[in-house]
Amino acid sequence: MSWNIEFGELVDQAGHELISLPDLSGADLVLLQEMDEPGTRTIAERLGVDFVFAAAASHPETGRDMGNAILSRWPIGTTTEIDLPHVARVSGQARSAVRAVVSIEGQAVDVYSVHTETVLLPFARRREQFATLVDDIAARATERVVVGGDFNTARVREVDTLTSLMGAADLHAVSQRSGATFRRFGRSFTLDHVFARGLMAHGSGVVTEATASDHLPVWVDLEL
(Lines give C-alpha, C1' and ligand atoms only; values in the text may rest on other atoms or scores of the structure.)
Protein backbone atom coordinates (compact mmCIF):
# COMPACT_ATOMS: atom_id res chain seq x y z
CA MET A 1 0.00 0.00 0.00
CA SER A 2 1.04 3.62 -0.53
CA TRP A 3 0.20 6.62 1.65
CA ASN A 4 1.28 10.25 1.75
CA ILE A 5 1.28 11.18 5.45
CA GLU A 6 0.79 14.94 5.42
CA PHE A 7 4.07 16.54 6.65
CA GLY A 8 4.75 13.29 8.54
CA GLU A 9 2.83 14.76 11.47
CA LEU A 10 0.13 12.36 12.69
CA VAL A 11 2.55 9.45 12.95
CA ASP A 12 0.93 7.77 15.96
CA GLN A 13 -2.50 7.97 14.36
CA ALA A 14 -1.16 6.65 11.05
CA GLY A 15 0.52 3.76 12.85
CA HIS A 16 -2.71 2.94 14.64
CA GLU A 17 -4.70 2.99 11.39
CA LEU A 18 -2.11 0.83 9.62
CA ILE A 19 -2.75 -1.81 12.28
CA SER A 20 -6.47 -1.39 12.92
CA LEU A 21 -8.06 -0.74 9.50
CA PRO A 22 -8.80 -4.07 7.76
CA ASP A 23 -7.62 -3.03 4.29
CA LEU A 24 -4.27 -1.80 5.68
CA SER A 25 -3.34 -4.21 8.44
CA GLY A 26 -0.85 -6.92 7.56
CA ALA A 27 0.49 -5.22 4.42
CA ASP A 28 3.75 -6.77 3.22
CA LEU A 29 4.96 -3.50 1.69
CA VAL A 30 4.10 -0.02 2.97
CA LEU A 31 5.25 2.92 0.85
CA LEU A 32 5.14 6.28 2.64
CA GLN A 33 5.71 9.86 1.46
CA GLU A 34 6.23 13.20 3.27
CA MET A 35 8.01 11.38 6.08
CA ASP A 36 11.12 12.00 8.15
CA GLU A 37 13.33 9.23 9.51
CA PRO A 38 12.18 9.35 13.17
CA GLY A 39 8.53 9.13 12.10
CA THR A 40 9.30 6.29 9.72
CA ARG A 41 11.14 4.42 12.46
CA THR A 42 8.20 4.90 14.85
CA ILE A 43 5.74 3.39 12.37
CA ALA A 44 8.13 0.58 11.39
CA GLU A 45 8.67 -0.39 15.02
CA ARG A 46 4.93 -0.35 15.66
CA LEU A 47 4.37 -2.65 12.67
CA GLY A 48 7.40 -4.78 13.52
CA VAL A 49 8.94 -4.40 10.06
CA ASP A 50 12.21 -3.28 8.45
CA PHE A 51 12.47 0.04 6.59
CA VAL A 52 14.55 2.29 4.37
CA PHE A 53 14.20 6.09 4.23
CA ALA A 54 15.66 8.75 1.94
CA ALA A 55 15.11 12.50 1.68
CA ALA A 56 16.43 14.92 -0.92
CA ALA A 57 15.85 18.01 1.25
CA SER A 58 14.29 19.39 4.41
CA HIS A 59 10.86 20.98 4.23
CA PRO A 60 10.98 24.81 4.38
CA GLU A 61 7.99 24.99 6.77
CA THR A 62 8.85 22.24 9.25
CA GLY A 63 12.65 22.28 8.99
CA ARG A 64 12.57 18.46 9.06
CA ASP A 65 13.71 16.12 6.34
CA MET A 66 10.87 15.26 3.99
CA GLY A 67 11.26 12.13 1.95
CA ASN A 68 10.03 8.70 1.07
CA ALA A 69 10.10 5.38 2.89
CA ILE A 70 9.67 1.69 2.17
CA LEU A 71 8.56 -0.55 5.03
CA SER A 72 8.72 -4.30 4.46
CA ARG A 73 7.83 -7.50 6.31
CA TRP A 74 10.38 -9.21 4.06
CA PRO A 75 14.18 -8.74 4.06
CA ILE A 76 15.46 -5.53 2.46
CA GLY A 77 18.68 -5.79 0.45
CA THR A 78 20.21 -3.14 -1.80
CA THR A 79 18.80 0.39 -1.44
CA THR A 80 19.23 3.44 -3.68
CA GLU A 81 18.05 7.06 -3.75
CA ILE A 82 17.06 8.45 -7.15
CA ASP A 83 17.36 12.22 -7.48
CA LEU A 84 14.57 13.78 -9.53
CA PRO A 85 15.26 16.81 -11.76
CA HIS A 86 13.97 20.32 -10.98
CA VAL A 87 13.00 21.89 -7.67
CA ALA A 88 9.86 23.52 -6.32
CA ARG A 89 9.29 26.97 -7.81
CA VAL A 90 8.53 28.67 -4.49
CA SER A 91 10.52 26.78 -1.84
CA GLY A 92 13.34 25.41 -3.99
CA GLN A 93 12.83 22.00 -2.41
CA ALA A 94 14.31 19.02 -4.26
CA ARG A 95 12.58 15.67 -4.72
CA SER A 96 13.77 12.07 -4.91
CA ALA A 97 12.56 8.49 -4.90
CA VAL A 98 13.85 5.59 -2.83
CA ARG A 99 14.38 2.06 -4.16
CA ALA A 100 14.86 -1.19 -2.25
CA VAL A 101 15.36 -4.74 -3.45
CA VAL A 102 13.07 -6.85 -1.27
CA SER A 103 13.34 -10.64 -1.09
CA ILE A 104 9.80 -12.07 -1.01
CA GLU A 105 9.67 -15.83 -0.71
CA GLY A 106 13.15 -15.94 -2.22
CA GLN A 107 12.16 -13.76 -5.19
CA ALA A 108 13.77 -10.35 -5.73
CA VAL A 109 11.25 -7.52 -6.08
CA ASP A 110 12.37 -3.96 -6.86
CA VAL A 111 10.24 -1.58 -4.80
CA TYR A 112 10.08 2.20 -5.33
CA SER A 113 8.46 4.89 -3.18
CA VAL A 114 8.21 8.27 -4.91
CA HIS A 115 6.81 11.76 -4.47
CA THR A 116 6.98 14.08 -7.49
CA GLU A 117 6.49 17.84 -7.41
CA THR A 118 3.12 19.59 -7.10
CA VAL A 119 1.15 21.29 -9.86
CA LEU A 120 2.98 24.56 -9.15
CA LEU A 121 5.81 23.12 -11.26
CA PRO A 122 4.98 23.14 -14.99
CA PHE A 123 3.83 19.76 -16.18
CA ALA A 124 6.64 19.46 -18.73
CA ARG A 125 9.11 19.48 -15.84
CA ARG A 126 7.05 17.09 -13.75
CA ARG A 127 6.95 14.79 -16.77
CA GLU A 128 10.76 14.81 -16.70
CA GLN A 129 10.56 13.64 -13.08
CA PHE A 130 8.33 10.76 -14.18
CA ALA A 131 10.75 9.94 -17.00
CA THR A 132 13.78 9.96 -14.70
CA LEU A 133 12.11 7.40 -12.48
CA VAL A 134 11.17 5.24 -15.46
CA ASP A 135 14.73 5.45 -16.80
CA ASP A 136 16.06 4.14 -13.48
CA ILE A 137 13.59 1.27 -13.52
CA ALA A 138 14.52 0.38 -17.10
CA ALA A 139 18.24 0.46 -16.32
CA ARG A 140 18.33 -1.12 -12.90
CA ALA A 141 15.22 -3.04 -11.95
CA THR A 142 14.68 -6.78 -12.19
CA GLU A 143 11.75 -8.78 -13.54
CA ARG A 144 9.42 -7.97 -10.63
CA VAL A 145 8.76 -4.33 -9.74
CA VAL A 146 6.36 -2.38 -7.54
CA VAL A 147 6.22 1.43 -7.77
CA GLY A 148 3.97 3.52 -5.58
CA GLY A 149 3.62 7.06 -4.39
CA ASP A 150 2.17 10.53 -4.77
CA PHE A 151 2.61 11.67 -8.37
CA ASN A 152 0.49 14.82 -8.02
CA THR A 153 -1.49 13.98 -11.17
CA ALA A 154 -4.24 16.56 -10.84
CA ARG A 155 -5.59 16.18 -14.40
CA VAL A 156 -6.65 13.22 -16.49
CA ARG A 157 -4.00 13.94 -19.12
CA GLU A 158 -1.33 13.84 -16.42
CA VAL A 159 -2.53 10.41 -15.27
CA ASP A 160 -2.53 9.27 -18.92
CA THR A 161 1.03 10.56 -19.45
CA LEU A 162 2.29 8.86 -16.30
CA THR A 163 0.56 5.60 -17.24
CA SER A 164 2.04 5.73 -20.75
CA LEU A 165 5.58 6.32 -19.47
CA MET A 166 5.28 3.50 -16.97
CA GLY A 167 3.87 1.28 -19.68
CA ALA A 168 7.03 1.80 -21.72
CA ALA A 169 8.86 -0.03 -18.89
CA ASP A 170 6.17 -2.75 -18.88
CA LEU A 171 4.66 -1.43 -15.65
CA HIS A 172 0.89 -1.71 -15.31
CA ALA A 173 -1.38 0.69 -13.42
CA VAL A 174 -2.63 -1.83 -10.88
CA SER A 175 -4.45 0.80 -8.79
CA GLN A 176 -6.18 2.62 -11.64
CA ARG A 177 -9.73 1.67 -10.57
CA SER A 178 -9.17 2.39 -6.88
CA GLY A 179 -10.70 5.87 -6.82
CA ALA A 180 -9.73 9.37 -5.73
CA THR A 181 -7.06 9.78 -3.04
CA PHE A 182 -7.27 13.53 -2.39
CA ARG A 183 -10.00 16.13 -2.13
CA ARG A 184 -9.68 19.92 -2.21
CA PHE A 185 -11.78 22.88 -3.36
CA GLY A 186 -14.78 20.57 -3.56
CA ARG A 187 -13.06 18.36 -6.15
CA SER A 188 -11.59 14.89 -5.97
CA PHE A 189 -8.22 13.93 -7.48
CA THR A 190 -6.32 10.72 -8.07
CA LEU A 191 -2.82 11.78 -7.04
CA ASP A 192 -1.54 8.48 -5.66
CA HIS A 193 -0.84 5.41 -7.77
CA VAL A 194 0.68 1.92 -7.68
CA PHE A 195 2.28 0.29 -10.72
CA ALA A 196 3.70 -3.21 -11.04
CA ARG A 197 5.24 -5.71 -13.41
CA GLY A 198 5.92 -9.40 -13.01
CA LEU A 199 3.12 -9.74 -10.44
CA MET A 200 -0.55 -10.61 -10.73
CA ALA A 201 -3.02 -8.01 -9.44
CA HIS A 202 -6.16 -9.32 -7.73
CA GLY A 203 -7.74 -6.09 -6.52
CA SER A 204 -7.17 -2.58 -5.21
CA GLY A 205 -8.90 0.17 -3.31
CA VAL A 206 -8.73 3.43 -1.39
CA VAL A 207 -9.28 3.41 2.38
CA THR A 208 -11.79 6.18 3.02
CA GLU A 209 -11.83 5.52 6.78
CA ALA A 210 -8.21 6.70 7.17
CA THR A 211 -7.91 10.12 8.83
CA ALA A 212 -4.17 10.60 9.53
CA SER A 213 -3.53 12.63 6.37
CA ASP A 214 -5.11 14.82 3.71
CA HIS A 215 -4.40 11.90 1.33
CA LEU A 216 -6.13 8.53 1.48
CA PRO A 217 -4.02 5.36 1.37
CA VAL A 218 -4.29 3.14 -1.69
CA TRP A 219 -3.79 -0.64 -1.47
CA VAL A 220 -3.23 -3.33 -4.07
CA ASP A 221 -3.35 -7.12 -3.67
CA LEU A 222 -0.43 -8.56 -5.68
CA GLU A 223 0.69 -12.14 -6.15
CA LEU A 224 4.13 -13.34 -7.23
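This is a short talk on the core, the aromatic pairs, the pockets and the cavities of one predicted model.

I will start with the largest nonpolar core. It has 23 residues, and the members that touch the most other members are Trp3, Leu18, Val30, Leu32, Ile43 and Leu71. Which elements give two or more residues to this core? They are helix H1, residues 11-20, strand S2, residues 29-35, helix H2, residues 37-47, strand S3, residues 50-58, and strand S4, residues 65-72.

Take Leu18 as one of the core residues. Leaving aside residues up to four places away in sequence, Leu18 touches Met1, Trp3, Leu24, Ser25, Gly26, Val30, Ile43 and Leu47. Trp3, Val30 and Ile43 in that list of contacts are also among the core members with the most partners.

Next, the aromatic residues. A pair of aromatic rings is described by the distance of the centres and the angle of the planes. The search over the whole structure gives four aromatic pairs. In one of them, Phe123 and Phe130, the ring centres are 6.1 Å apart and the planes stand at 70 degrees, so this pair is edge-to-face. Phe123 and Phe130 are both buried. Phe130 pairs with Phe151 as well: here the centres are 6.0 Å apart and the planes are at 70 degrees, so this pair too is edge-to-face.

What does the pair of Phe130 and Phe151 tie together? Phe130 is in helix H3, residues 123-140, while Phe151 is in the loop between strand S8, residues 144-150, and helix H4, residues 156-168, so the pair ties together parts that are 21 residues apart in sequence. Buried or exposed? Phe130 has a relative accessible area of 1%, and the cut-off for buried is under 20%, so Phe130 is buried. Phe151, at 0%, counts as buried as well. Together with Phe123 and Phe195, these two residues form one aromatic cluster.

Now the empty space. Rolling a probe the size of a water molecule over the atoms shows where empty space is left.

The largest pocket holds about 780 Å³. Its lining has 29 residues, and Arg95, Thr118, Leu120, Asn152 and Arg184 lie nearest the centre. By class, that lining has 12 nonpolar, eight polar and nine charged residues.

The second largest pocket has a volume of about 500 Å³. It is lined by 23 residues, with Asp28, Leu29, Val220, Asp221 and Leu222 closest to its centre. Two elements give two or more residues to this lining, S2 and strand S14, residues 218-223. Which of them gives the most? S14 does, with five residues. The lining of this second pocket divides into 15 nonpolar, three polar and five charged residues. S2 therefore appears twice in this account, as a contributor to the largest nonpolar core and to the lining of the second largest pocket.

On to the cavities. How many of 30 Å³ or more does the structure hold? There are two. The largest cavity has a volume of about 70 Å³. Its lining is Ala56, Met66, Gly67, Asn68, Gln93, Ala94, Arg95, Ser96 and His115. S4 and strand S6, residues 94-104, each give two or more residues to that lining. The classes are three nonpolar, five polar and one charged. Arg95, in this lining, was also listed among the residues nearest the centre of the largest pocket.

The second largest cavity holds about 30 Å³. It is lined by Phe7, Gly8, Glu34, Met35, Asp36, Thr62, Arg64, Asp65 and Met66. S2 and S4 each supply at least two of these residues. This lining has three nonpolar, two polar and four charged residues. Met66 lines the largest cavity and the second largest cavity.

Last, a few single residues. His86, in strand S5, residues 76-87, has a phi near 75 degrees, a positive value in a residue other than glycine. His86 is partly exposed, at 25% relative accessible area. Phe185 also has a positive phi, near 55 degrees. Phe185 sits in the loop between strand S10, residues 182-184, and strand S11, residues 187-189, and is exposed, at 75% relative accessible area. Ala168 belongs to helix H4 and counts as exposed, at 70%. The C-alpha atoms of Ala168 and Leu224 are 21 Å apart, with their positions 56 residues apart along the chain.

Note on methods. Residues numbered from 1 in each chain as written. Predicted model: local features only at pLDDT ≥ 70, side-chain atom pairs only at ≥ 80, totals over all residues. Heavy atoms only, no water. Core = buried A, V, L, I, M, F, W, Y, C linked by side-chain atoms within 4.5 Å. Buried < 20%, exposed > 50% of the residue type's maximum accessible area, 1.4 Å probe, protein only. Helix = DSSP H or I, 4+ residues; strand = E, 2+ residues; numbered from the N terminus. Contact = heavy atoms within 4.5 Å. 1 Å grid on protein atoms, 1.4 Å probe; cavity = no way out; pocket = protein on both sides within 12 Å on 5 of 7 lines; lining within 4 Å. Points joined across faces, edges and corners; volume = space filled by probe spheres on them. Nonpolar A, V, L, I, M, F, W, Y, C, P; charged D, E, K, R; others polar. Phe/Tyr/Trp six-rings, centres within 6.5 Å; stacked < 30°, edge-to-face > 60°.
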